[in-house]
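Here are my notes on the model you sent, set out as numbered points so that you can check each of them against the coordinates.

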Amino acid sequence: MPVAVGDLEQARADFEKLGFVLKPGRPHTDSIRNVHVKFRDGTEIELITASAPLDALSAEYIDWLKAGDGPAFWSLYNPDLQDLTERLSKMGLSPNNEGHVVTFPQSVFAHRLFFAERLWSPTDQPEYFAHPNTAYRLEAVWLAGAAKERDLVLSLGGDRRTAFTCAPFSPHVEVLTSPNGDEIMFISEQSGKSPERSILGVTVMVRSLDAVHMILAKNNIHDTKVDGCSRNSIWVEPADAHGLWIEFRR
């Protein structure tokens, strides 16, 4: 989940206050800078920014940030990107296979979605996974008003069910599970966000909600527990996570 931020240093400090360890990013020639919240299974949250429009991607991030910080893209794991590229091409979606990721041009409705391998790196160190909040996996993404993306995931083999769930913006969601086990929560309404900003938040699995509570309280960060919700989870609002709702779920 790449989250675009205007001030990378401030965003890093704010995510550290949420109990995450951040791995420094590598230098980019197109002015992009980033840091990573990494998990052992290869999932991650990426904080990313750009300072000059030196290529199409950096220009897009700069344009995106004109409306403020927030999640700019989301991705799903796929173990065979070549086969996926062929399937998406037959659907007329003009996928771009870059070797380790498959993306869509801006003219395609699924542009905010990309497919990728798990993001392991030879420079990963054990300390990058030792998050004080006990987080260990990125479990789900929450989307609003993304019916076409939902239909695309279904056409690729996802399973669908309707559920009552514990979310501060809508109790009724359509849950899709990808063939690889990723959860995608689709909400029909836009929840106050523009159609271009359909990505609402993520669910992060943790081993201890007590650890999360202690860290948030220490740093004066308000956490939200949904009334009538029996699930073991708490939410952090976008104001404290640079435009991203974060659910910590045990």
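The points below take up one sheet first and then one helix.

1. Please keep in mind throughout that this is a predicted model. The sheet in question is open and has four strands, in the order β6-β9-β8-β7, with mixed pairing. Because β6 and β7 (96-97) stand at the edges and each has a single partner strand, one side of each is left without a neighbour in the sheet.

2. Strand β9 (residues 113-116) pairs with β6 (residues 74-77) in the parallel sense over four bridges, and in this pairing S75 has F114 as its bridge partner in β9. With β8 (residues 101-103), by contrast, β9 pairs in the antiparallel sense over two bridges, where V101 is bridged to A116 and V102 to F115.

3. Both faces of β9 are covered, since L113 and F115 on one side are buried, as are F114 and A116 on the other. As background, side chains in a regular strand alternate between the two faces of the sheet.

4. In helix α2 (residues 56-64), the residues S58, E60, Y61 and W64 are buried. Seen down the helix axis, the buried residues of α2 fall within an arc of 160 degrees, so they line one face of the helix. The elements that cover these buried residues include β1 (2-4), β3 (32-38), β4 (44-50) and β5 (70-71).

5. At the N-terminal end of α2, D55 acts as the cap, with a side-chain oxygen that lies 3.3 Å from the backbone nitrogen of L57.

Notes: Residues numbered from 1 in each chain as written. Predicted model: local features only at pLDDT ≥ 70, side-chain atom pairs only at ≥ 80, totals over all residues. Heavy atoms only, no water. Buried < 20%, exposed > 50% of the residue type's maximum accessible area, 1.4 Å probe, protein only. Pairing = 2+ DSSP bridges. Arc of directions from axis to C-beta. Contact = heavy atoms within 4.5 Å. Polar contact = N/O pair within 3.5 Å; in protein donor to acceptor, adjacent residues only side chain to side chain.
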